[in-house]
Each structure stands twice: as structure tokens, then as C-alpha cells.
Amino acid sequence: MSVIIMTDSSCDLPLSYIEENKVPFVSLTCHFNKCDYKDDFGKTFTYRQFYDGLRNGEMPTTSQVNIYQFTEVFTKLVKGNKSIIYIGMSSGISGTVNSASMARESVLEEYKDADITIIDSKSACIGQGILVYNAVEMMKKGCSKEEIIKWIEGNKLNINHWFMVGTLKHLRYGGRISATAATIGTLMKINPIIFINNEGKLVNVTNVRGRKKAIKYLLEKFKERIVESGDQRIMISHGDCLEDALYLEKSVKEEFGVKETMINFVGPVIASHTGPDMLSLCFIGKGREI
């Protein structure tokens, strides 16, 4: 029985990586322009389509993966004699991991020898992608399932997620801030800085006035919390602001000796709630205590 790493579309890894490494995934749903679209890493519901809609005033919502979707994928992999490690979006943000756990029990009723491990990543976006990326790399090196699970569980709360939000409109729409706070913040050009805590929940740790200062804040946190910057792949994601992402990449390489990076869009799962122009810097660092 061979090991397979599985995830969901909230991990925001590039489609090219998902396809090249044959990573099975389940898609969360984006309710957009009165239609339901499966988030498939931009393959059919493109990032351009999504962000153009956001910038034209579209206010999408998302829904978690249901039990049936998981049961279908788990059953197919079990029939293929696969030992499954599913790395899922934080339970502090979505009920997707809970759906996976219920699907696992359903599959085990029919396939008693099925080997399915469900991992609550306590992460999201490209931070979740870090766990998936490293698990896949370990799998390719021939590490055992137990070794991979041990690494994930030992490192998932060391994944630092630092996000800056470019617009307050979507946070207001989702009820995370009041209309008054959104209006004042917009006038003052406030950029909320969001972090994911040990419970896997999004928290607003501070507000920075001005986009340049907000990017500088991300770099300061990177300097403060990074561990072995030259020996890991640093992940950057952006809400249709590639120029800022490239600047961030250049900065971490020139200032901190980072050798490898990966850049991708923030997918619809997170961006539906944060809007365009979000920028994230994710890495393995010191624990999440702030």
C-alpha cells in the first residue's frame, strides 16, 4: 500500500505543482455572480475571472466540502490501494476537516482495511500549502507514512501566516468589522494585518497605515520569526497584486538569504472574505504566540 498526500483547494499551491505531483484534492465552492464554481486552483474558474469580478463589485461567498465529495475521492484512492494522508483547511475557519472525518468513518464501514489519516492543518492559504509541499517532498524521498505524519504534526503550529489586507469592504461584508470601522479605515488607508493563531483562526493583530508600511511590517515579522531561512521554500501569495509579491520575494532573497520561493494567487476560498490586493508571507518559523 503506497502513501498518497491529499489536500483541498484552500492550500493555494500553483496548479502546475498540483498536476505535476498528482496531488488529489477536493474543491471548496465559490458562490460567484449567482453561480456556483468549484475552486480548482484556477483551472476552470480562473483567477482572472474571479479577481475581475471582485474589482467590479462582486461579493462572493464560499462553502465547505461535503461528506459525499470526500467519500467519493477516499473510495477511489482506497480501491487503488493507497494509504491516504489528507491535509485539510483549518477547522478554525471551515468545517471541511469535519466533513472529511465523517466521510472516513463511512468509508471504513465498507472497506475495513482502509488507511485514511485526517490532519487538521490549523492553517490555510499558502501556509497550508507549505505543509502539503513538504509532505509531498518527503513522500517522493521515500519517507514512511508515520514519518510524514510526525513531521506535519510537529511543525503545523510553526507555520507563520502573515497577511495584509488591501481593502476593508469584504471584511465588512463578512461581518468581521463594523461599517463605521470600514469607512474610517478606508479614509485613513488602513491595512489590517492578519495572523493565524494556534486554534487555526484568523485574528487581526494590528493595523498599519499605508501599503508600503504594511509590506515592511511583513518583512519585519519575517526577520523576527524565521528559522533557517536558507533551508526552506518561502511561500508568497497575492490577491492580484503580483508586483508587490515580486517585491516581497526580492526582499526576502536579498535581505535574508532565502534561496527558494513559491508565488501564487490567493484563491477564492480566502480572497472571497478578504478581497483583492491581499498579500501574504508564509514560512516555517517560531511558534505562533504573538
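**A four-stranded sheet and its helices**

In this predicted model, four strands line up as an open sheet in the order β2-β1-β6-β7, and the pairing is parallel. The edges are taken by β2, covering residues 25-26, and β7, covering 116-120, each of which has a pairing partner on one side only. Strands of a sheet are held together in pairs by backbone hydrogen bonds, and they can run parallel or antiparallel. Here, β6 (residues 82-88) and β7 go the parallel way, with five bridges joining them. Within this stretch, Ile-85 sits opposite Thr-117 of β7.

Helix α4, made up of residues 96-110, packs on the sheet and touches β1 (2-8), β6 and β7. The direction of helix α4 makes an angle of about 165 degrees with that of β7. Another helix, α5 (residues 125-140), lies across β1 and β6. Relative to β1, helix α5 runs at about 165 degrees.

A closer look at one residue of helix α4 fills in some detail. Thr-96 belongs to this helix, and its relative accessible area comes out at 0%. With buried meaning under 20%, Thr-96 therefore counts as buried. Leaving aside residues up to four places away in sequence, Thr-96 is in touch with Asp-8, Leu-28, Gln-64, Val-65, Phe-70 and Tyr-86. For one of these, Val-65, there is also a polar pair to report: a polar atom in the side chain of Thr-96 lies 3.4 Å from the backbone nitrogen of Val-65.

How values were computed: Residues are numbered from 1 along each chain as its sequence is written. This is a predicted model: local features need pLDDT of at least 70, side-chain atom pairs count only at pLDDT 80 or more; totals for chains, interfaces and linings use all residues. Side-chain values use heavy atoms; hydrogens and water are left out. Two strands pair if DSSP finds at least two bridges between them. Helices (H or I, at least four residues) and strands (E, at least two) are DSSP runs, numbered from the N terminus. Contact means heavy atoms within 4.5 Å. Axes are lines fitted to C-alpha atoms, for helices over the stretch in contact, and angles run from 0 to 180 degrees between N-to-C directions. Buried means under 20% relative accessible area, exposed over 50%, partly exposed in between (1.4 Å probe, protein chains only). A polar contact is a pair of N or O atoms within 3.5 Å; within protein, one must be able to donate a hydrogen and the other to accept it, and residues adjacent in sequence count only if both atoms are side-chain atoms.
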